[in-house]
Amino acid sequence: MFRKALLGVVSLVAMSVGAAQAEDLKEFRIGILGGENEADRLRNFQCMIDKLPGALGVEKVSLFPAADYDGTIQGLLGGTLDYAELGASAYAKVYLEDPKAVEPILTTVQTDGSTGYYAIMVARKDSGIKTLEDMKGKKLGYADPDSTSGYLVPAVTLPAALGGTPVKDYFGETGFGGGHENLVLEVLKGTFDAGTTWGSGVGDFKDGYTSGNLAKMVSKGILDMDDLVELWKSPLIPNGPIVVRSSMDADMKTKFKAFMVDLPKSDPACFSAIQGGDYTGYTEVTPEFYQPIIDARKAQIGS
């Protein structure tokens, strides 16, 4: 039933900015990043539809799954979304366009206590590609142009791992896979010789690590890690933020933040579903936590 109701969602971009400017406490609007099967994303966030009305005192909670990262970004910039969970680069894009559009309030904590994760380059195990050196002249796939681990961090940090060679001079071709899940599937199909996705880096590669895209794909039964090999792992990346609309009523912000902080204990299954892996909880963050990513995005992409 919930899927039928949610698939009637209107386009984020088409929603009236004028209507968004007037505070409406009857409906709480959640933006969901693209990059994973839509039915799975809606299912994972169903618990928020069930629990948030009582916690926030709203009549309705609506989900807005975007086709890609930019759909959610534009919804946040236009004020048509109240809450979203972003990657660090996606947040940087919002910040660079309008630093007052959203407020980062929380981020996740890994099982080892860290507040970061890694970009991970993978290739098919049977391809004969075992190292970065084997990728010279071959086709590299990125996940999404607004993804931190799927594009920004590899674009910025790979040259150091390549002996100072620019990415464009090292690989024969690069392209985008249409989100993390699809990118890995395209690597398995042979569209790309290797691709960049993300994982906690905690635990074992054979399990897809404890959290991240690989772990989610394994848990859904659409990926066998025995089919992949890891070629490269980035420096630690700050976990992406939970952001709320800056113009939201202060009392609503306080209630929502308290709800989220309590969620790992009050409903561990819901917490695990929306985060897609094994985390211990949340910790507070500010824009300063993401300044290195903001600076890197500005230098690499410009906005």
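These are my notebook entries on a few spots I looked up in this predicted model.

**Confidence**

I checked pLDDT before anything else. The protein averages 92, and 92% of the residues score at least 70. Residues 1-22 are a weak stretch, with pLDDT under 50 throughout. The model still gives that stretch 30 contacts beyond four places in sequence, but I left residues 1-22 out of my closer looks.

**The disulfide**

How many disulfides are there? I get a count of one. Cysteine 47 and cysteine 270 make the pair, and I read 2.1 Å between their sulfur atoms. The cut-off is 2.5 Å, so I log the pair as a disulfide. The torsion about the S-S bond is 70°, and the link is right-handed.

Where do the two cysteines sit? Cysteine 47 is in helix α4, residues 46-56, and cysteine 270 is in helix α12, residues 268-275. They are 223 residues apart, so the pair ties together distant parts of the chain.

Buried or exposed, I asked next, for cysteine 47? Buried, at a relative accessible area of 14%. Cysteine 270 is buried too, at 2% relative accessibility. The line I use for buried is under 20%, so both make it.

**Helix α4 and what follows**

While at cysteine 47 I listed the buried residues of α4: Gln46, Cys47, Met48, Ile49, Leu52, Pro53 and Leu56. Glycine 57 comes after α4, and I noted its positive phi, near 75°.

**Helix α6 against helix α13**

I turned to the packing of α6 (residues 88-97) with α13 (residues 291-300). Their axes come within 9 Å and cross at roughly 75°. Angles from 65 to 115 degrees count as roughly perpendicular, so I put α6 down as roughly perpendicular to α13.

Which residues make the contact? On the α6 side I have Ala88, Ser89, Tyr91, Ala92, Lys93, Tyr95 and Leu96; on the α13 side, Ile293, Ile294, Arg297 and Lys298. By class this contact has seven nonpolar, one polar and three charged residues.

I also looked at how covered α6 is. Seven of its ten residues are buried, which makes the helix mostly covered. Those are Ala88, Ser89, Ala90, Tyr91, Ala92, Lys93 and Val94. Lys93 caught my eye, as it is on the buried list and also on the list of residues meeting α13. The cover over the buried residues includes α13, along with α5, β4 (102-110), α7 (148-161), β10 (237-238) and β11 (241-245).

**Tyrosine 209**

I picked up a positive phi here in a residue other than glycine: tyrosine 209, near 65°. Tyrosine 209 lies in the loop between β8 (194-199) and α10 (213-219). I find tyrosine 209 buried, at 8% relative accessibility.

**Aspartate 68**

Last stop was aspartate 68, in the loop between β2 (60-65) and α5 (69-77). Its relative accessible area is 35%, so I call aspartate 68 partly exposed. What does aspartate 68 touch, not counting residues up to four places away in sequence? I find Gly34 and Asp144. I also took a distance to alanine 123: the two are 55 residues apart in sequence and 23 Å apart in space, C-alpha to C-alpha.

Key:
Residues numbered from 1 in each chain as written. Predicted model: local features only at pLDDT ≥ 70, side-chain atom pairs only at ≥ 80, totals over all residues. Heavy atoms only, no water. Helix = DSSP H or I, 4+ residues; strand = E, 2+ residues; numbered from the N terminus. Buried < 20%, exposed > 50% of the residue type's maximum accessible area, 1.4 Å probe, protein only. Axes fitted to C-alpha atoms, helices over the stretch in contact; angles between N-to-C directions. Parallel < 35°, antiparallel > 145°, perpendicular 65-115°, else oblique. Contact = heavy atoms within 4.5 Å. Nonpolar A, V, L, I, M, F, W, Y, C, P; charged D, E, K, R; others polar. pLDDT = per-residue confidence, 0-100.
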